[in-house]
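Here is a set of short exercises to work through with the model open beside you. Try each task before reading its solution.

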Amino acid sequence: NIRHEVRGKRKDGSTFPMSLSISEIRLHEKRILIGVVRDITERKRTEAELVRLASFPEKNPNPVIEIDPLGNVTYLNPAARNQFPDLYSLGPNHPILNNISSIITAFQNGEQESLIREIDLGNTVYEQKIWYVPENKTRIYMSDITERKRVEEMLRENLAQLSKKNRYESILSAVTRTVHRSINLQDVLENAVDAMSKNIDGVDNIAIYFVEGEEAVIKSHRGFTNRYIERAGRIPYPNGLTWKTIIEGKPRYCADVDQDTVIGPAGREAGIKSYLSLPIRLQDKTIGAINISSFQKDAFDEEELKLTEIVAQQIEVAINNARQAEALQASTESLRQLSYSLEKKNRDLTLLYELGRIIHSGMNIETVVQQAINHILKALDYVDLFWLYLVEKNEAVLKAHHGLNEEYLKRASR
């Protein structure tokens with residue numbers, strides 16, 4: 001058998017890729033050549049799409065690594081090869097793969113599907129987003145966060161200068177830890193409001209709002225009553241202090257609500273006497289706000305403002321992490337579906353080719369039928385029962401079968 005991929009021409013003059021299979025048989029000492037032509041345009045398109053998707057990690061300026069269940073490296077993109085030339089030889093013993101075996105074990109046991117962690121190599125700190133993919137492989141996407149860590153360290157130092165109170169460190173620690181350990185944005189929001197409500201003096205209510213269309217929607221809160229949530233859980237544009245902060249994109253502090261014209265009726269009814277509202281930004285666009293309020297006048301100062309700004313920045317990092325995770329998941333799922341589609345099409349083409357070869361082989365009908373069934377069962381591994389009857393005079397006679405028991409054969413073979 002000979003198989004070639006060639007270009008075919010349609011009646012309208014357009015060309016297309018096709019597979020040409022040529023088989024030789026001999027019949028009564030005559031040599032017969034049989035050619036089978038298939039249009040493989042769709043297969044070629046799928047292969048091109050797979051190549052396109054596969055090029056993404058190659059063009060990524062950050063290191064991308066793939067390892068097998070034993071921790072051995074199976075793929076490095078150019079950035080990873082340049083930055084870690086000894087990674088192939090050291091494998092799981094390389095510092096950037098520290099403790100990777102226990103992480104893979106957790107993946108295989110179903111304890112988690114992804115992990116975000118930091119690796120400190122001395123002069124450089126990397127963030128690793130680690131994913132377990134269906135092919136029993138682990139993929140690691142790395143980025144250099146040395147500058148970000150330096151900035152975070154400066155923020156911590158500034159906070160220490162503003163206040164020596166341990167409660168502020170508790171807030172930062174809880175929020176930052178959640179941001180860098182979880183890609184679930186709601187977890188980050190819940191931890192942020194919980195930490196602030198417990199560790200900021202004078203706080204009675206906290207709420208985080210995100211913009212959804214023409215409304216500011218509350219995503220996490222502490223202290224508010226059900227009546228407040230019913231009235232102010234979704235705030236239409238451009239009402240109230242929340243939209244004022246979002247529209248202006250800058251912090252807003254009110255020491256005495258009695259002198260304020262922005263707060264809405266739901267807030268006044270709740271007994272709020274002072275409040276602090278901070279914008280949440282993403283890529284230079286305000287997408288929400290953090291509101292903290294008190295039943296006391298003049299409850300907050302510069303320290304609370306700086307602290308809330310830091311929390312808002314960490315929430316912005318969490319939003320970016322969540323969006324990157326969604327993009328990576330979508331890319332992985334798209335690649336898996338394309339791979340499955342190509343595998344199925346190749347299997348179907350192989351089955352059709354084998355059936356054509358058997359039918360034109362010149363064998364007797366019983367042999368042709370049996371071999372055809374064998375190939376069908378091999379290709380369709382989900383088939384449990386199969387039987388074929390042919391008419392002989394006034395009877396339907398069982399000619400081939402799979403999975404039938406002896407009792408059936410005795411009673412219904414003819």
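**Exercise 1. A positive phi**

Where is asparagine 99 found? Then describe its backbone and its exposure, and compare your notes with those for lysine 393.

*Solution.* Please keep in mind throughout that this model is predicted.

Step 1: Asparagine 99 sits in the loop that runs between helix H3 (87-90) and H4.

Step 2: Its phi is near 65 degrees, which is a positive value in a residue other than glycine.

Step 3: The relative accessible area of asparagine 99 is 48%, so the residue is partly exposed.

Step 4: Turn to lysine 393, in the loop between strand E15 (386-392) and strand E16 (395-402). Here phi is near 55 degrees, again positive in a residue other than glycine. With a relative accessibility of 83%, lysine 393 counts as exposed.

**Exercise 2. The faces of H4**

Find the buried residues of helix H4 (residues 100-108), then work out how they are arranged around the axis and what they pack against.

*Solution.* Step 1: Using the cut-off of under 20% relative accessible area for buried, you should arrive at Ile100, Ile103, Ile104, Ala106 and Phe107.

Step 2: Look down the axis of H4: the buried residues fall within an arc of 160 degrees, so they line one face of the helix. A general point helps here: an α-helix has 3.6 residues a turn, so residues three or four places apart point the same way.

Step 3: The partners of these buried residues are strand E4 (64-67), strand E6 (114-120), strand E7 (125-133) and strand E8 (137-144).

Step 4: Follow the chain just past H4, and you meet glycine 110 with a positive phi of about 75 degrees.

**Exercise 3. Reading a sheet**

Trace the open sheet of 6 strands that includes E9, and identify its edges and the helices that lie across it.

*Solution.* Step 1: The strand order is E11-E10-E9-E14-E13-E12, and the pairing is antiparallel.

Step 2: Strand E11 (234-236) and strand E12 (252-254) each have a single partner strand, so they stand at the edges with one side lacking a neighbour in the sheet. From one strand to the next, the twist averages 20 degrees.

Step 3: Take the E12 edge. E12 pairs with strand E13 (residues 274-282) over 3 bridges, in the antiparallel sense. Within this pairing, cysteine 254 is opposite tyrosine 275 in E13.

Step 4: Now add the helices. Helix H7 (residues 185-199) lies across strand E9 (205-212), strand E10 (215-222) and strand E14 (285-294), at about 60 degrees to E10. Helix H9 (residues 240-248) lies across E9, E10, E11, E12, E13 and E14, and runs at about 140 degrees to E14.

Step 5: In the loop between E11 and H9 you will find proline 238. A cis peptide bond joins tyrosine 237 to this proline, with omega at about 0 degrees.

**Exercise 4. Aromatic pairs**

How many aromatic pairs are there? Classify two of them by ring geometry.

*Solution.* Step 1: Counting rings whose centres lie within 6.5 Å, the total is 5 aromatic pairs.

Step 2: For phenylalanine 224 and tyrosine 228, the ring centres are 4.0 Å apart and the planes are at 10 degrees, so this pair is stacked. Both phenylalanine 224 and tyrosine 228 are buried.

Step 3: For tyrosine 253 and phenylalanine 300, the centres are 6.4 Å apart and the planes are at 70 degrees, so this pair is edge-to-face. Tyrosine 253 belongs to strand E12 and phenylalanine 300 to the loop between E14 and helix H11 (302-359), so the pair ties together parts 47 residues apart in sequence.

Step 4: Check the exposure of each partner. Tyrosine 253 counts as partly exposed at 36% relative accessibility, whereas phenylalanine 300 is buried at 5% relative accessible area.

**Exercise 5. The surroundings of lysine 149**

Which residues does lysine 149 contact, leaving aside its neighbours within four places in sequence?

*Solution.* Step 1: Locate lysine 149 in helix H5 (residues 146-162). Its relative accessible area is 21%, so it is partly exposed.

Step 2: The contacts are Glu118, Val125 and Arg156.

Step 3: Consider valine 125, which is 24 residues from lysine 149 along the chain; their C-alpha atoms are separated by 7.7 Å.

Definitions and conventions. Residues are numbered from 1 along each chain as its sequence is written. This is a predicted model: local features need pLDDT of at least 70, side-chain atom pairs count only at pLDDT 80 or more; totals for chains, interfaces and linings use all residues. Side-chain values use heavy atoms; hydrogens and water are left out. Two strands pair if DSSP finds at least two bridges between them. Helices (H or I, at least four residues) and strands (E, at least two) are DSSP runs, numbered from the N terminus. Axes are lines fitted to C-alpha atoms, for helices over the stretch in contact, and angles run from 0 to 180 degrees between N-to-C directions. Contact means heavy atoms within 4.5 Å. Buried means under 20% relative accessible area, exposed over 50%, partly exposed in between (1.4 Å probe, protein chains only). The arc is that of the directions from the helix axis to the C-beta atoms. Rings of Phe, Tyr and Trp (its six-membered ring) pair if their centres lie within 6.5 Å; planes under 30 degrees apart count as stacked, over 60 as edge-to-face and the rest as tilted.
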